[in-house]
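Hello,

Here is the structure we spoke of handing over. My notes on its salt bridges and on one helix pair follow below.

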Amino acid sequence: MSRLPQEILDEIIDHNHNDRKALWACSLVSRACSDTSRRHLFSCIQLLIWAEEDIDDYTVPVLSPGHSCPNFHRLLVMSPHIAHLVISLKIYLPSTSRPLDTELYDPYLPSILSSLHHVRKFLLSGGPVVTDWDEFSLSFQDSLIQFWTARQLESFILDGINADREIIPPKPRGDAWSSLRHLALLWTDLDCFWNHEEGSVIPLQSLTLGGLKVVHHLTTALEKNMATFDVHQLRELNAILDVDEDFALFNRFLYTLSDTLEELCLDVTTTALDPGNPSTQPRSVKLDMSTLTHLQSVYLVLEARLIPRGGIPSSIQTIRILVILDPTLNVADSPWAALDTWLGDQLQNLVALKSVTIELHYGTSDCALCNCVCAVKNAVMSDKEVYAAVRREMPLLKERSILSIRHNTRRLQWGAPGALRRWIMGPEHLYKN
């Protein structure tokens with residue numbers, strides 16, 4: 001092995017960056033392999049602030065590898081060189097409704113945060129039950145705020161953190177947050193961010209919102225923080241929208257992104273419609289994307305009786321639509337013809353369109369925004385019969401030879417892995433998995 005050039009060894013190890021067993025073996029086999037292996041092993045650290053009794057609770061997601069605060073603190077004390085390898089830090093709070101036990105993280109977490117100077121990606125998840133900011137100890141709050149404002153973070157994610165006040169200082173010192181490009185707030189109120197009064201504008205490239213009234217946040221809270229976040233430079237927008245949102249207002253927000261937005265992902269949810277109720281009438285969703293002249297990719301998640309309407313820009317290259325179906329009903333009863341008409345009537349102008357993918361997901365009572373364990377198929381028809389039935393209902397796209405249909409056992413997931421929650425609660429996952 002010593003005869004191999006170091007560059008070749010590094011390439012081999014980089015190829016196995018997701019195989020932790022292989023990385024551990026490589027880190028022990030020779031000095032030539034140890035540096036690259038450890039860089040991958042410790043680049044992303046997950047801290048699990050759980051009590052032992054939580055581990056057997058069915059609501060606890062399986063996150064492996066993960067560290068408790070005492071164990072990771074001990075590791076840093078024994079091997080302080082590990083700290084500079086950590087690029088991504090994810091903190092997962094208890095997944096039960098029990099009060100947060102400060103002994104699980106104090107005094108370890110403040111010390112851990114102060115030693116991690118090279119973190120560029122940060123995630124704080126409240127678990128299936130939204131965690132109130134005031135449940136944290138004062139030392140935890142202070143150490144988090146100091147950590148956020150002292151690091152050059154590129155990605156910042158809050159998931160399930162309820163804060164009824166600003167938790168970021170109104171005047172961050174220096175150029176704090178100037179490197180931020182990716183922001184995700186899921187089941188988290190945007191008001192928790194500061195009303196920046198001085199300093200440079202942060203040109204966000206990616207924004208993910210969901211769980212609360214997204215349109216309200218985009219038009220009010222973002223206006224409050226417009227001096228801080230320049231959303232007019234967004235390239236990627238991901239959002240969970242309730243079917244009762246003001247889509248006219250949302251379309252006006254899209255208009256402000258006309259010159260930059262390239263990727264759009266919308267998950268339109270509703271508790272008002274029951275997919276298993278045949279009497280529920282189809283309902284249209286007016287989504288005007290025609291002004292997004294640089295848009296290349298669209299991903300829509302819709303319940304079976306939600307029908308999109310509105311213009312599509314000529315720049316679009318790929319369209320994916322995941323349709324959530326009732327597994328006990330005939331697939332032909334879903335409004336495929338309406339989807340075909342919506343897209344087919346605009347095909348002449350969609351000169352860049354390469355593919356339209358229809359993903360069929362059979363939802364059950366276990367299907368939720370943050371945790372989908374459905375994995376069922378249609379109870380009436382085989383897969384071959386389902387695909388044939390959908391194609392018959394979509395002749396315009398079929399004739400263009402750009403239509404593909406597939407079965408997806410899981411819906412698009414939002415938020416922390418394994419969370420069972422919260423869209424029936426308030427306040428109510430982007431990061432996207």
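Subject: salt bridges and a helix contact

R411 and D267 form a salt bridge through their side chains, with an N to O distance of 2.8 Å. The two residues are 144 apart in the chain: D267 sits in strand β10, and R411 in the segment that follows β16 (403–407). R411 and D267 are both buried. Please keep in mind throughout that this is a predicted model.

In total, the structure holds five salt bridges. Three of them are described individually in this message, beginning with the one above.

Another involves E262 and R235, whose side chains meet at 2.9 Å, N to O. This pair also links distant parts of the chain, 27 residues apart. E262 belongs to the loop between α9 (247–255) and β10 (263–269), while R235 belongs to the loop between α8 (214–224) and β9 (236–242). Are these two residues buried, partly exposed or exposed? E262 has a relative accessibility of 25%, so it counts as partly exposed. R235 is partly exposed as well, because its relative accessible area is 43%; the class lies between the cut-offs of 20% and 50%.

The next pair is R406 and E359, with the closest N and O atoms 2.7 Å apart. R406 is in strand β16 and E359 is in strand β15 (residues 355–362), so this salt bridge ties together parts 47 residues apart in sequence. The two partners differ in accessibility: E359 is buried, at a relative accessible area of 0%, whereas R406 is partly exposed, at 42%. The pair also belongs to a network of salt bridges that links R320, E359 and R406.

Turning to the helices, α6 (residues 108–115) packs against α7 (residues 138–150). Their axes are 9 Å apart and make an angle of about 10°. Angles under 35 degrees count as roughly parallel, so α6 is roughly parallel to α7. Which residues make the contact? On the α6 side they are L109, P110 and L113. On the α7 side they are S139, F140, S143, L144 and F147. By type, the residues of this contact comprise six nonpolar and two polar, with no charged residue.

Regards

How values were computed:
Residues are numbered from 1 along each chain as its sequence is written. This is a predicted model: local features need pLDDT of at least 70, side-chain atom pairs count only at pLDDT 80 or more; totals for chains, interfaces and linings use all residues. Side-chain values use heavy atoms; hydrogens and water are left out. A salt bridge is a side-chain nitrogen of Lys or Arg within 4 Å of a carboxyl oxygen of Asp or Glu. Helices (H or I, at least four residues) and strands (E, at least two) are DSSP runs, numbered from the N terminus. Buried means under 20% relative accessible area, exposed over 50%, partly exposed in between (1.4 Å probe, protein chains only). Axes are lines fitted to C-alpha atoms, for helices over the stretch in contact, and angles run from 0 to 180 degrees between N-to-C directions. Angles under 35 degrees count as roughly parallel, over 145 as roughly antiparallel, 65 to 115 as roughly perpendicular and the rest as oblique. Contact means heavy atoms within 4.5 Å. Ala, Val, Leu, Ile, Met, Phe, Trp, Tyr, Cys and Pro count as nonpolar, Asp, Glu, Lys and Arg as charged, and the others, Gly among them, as polar.
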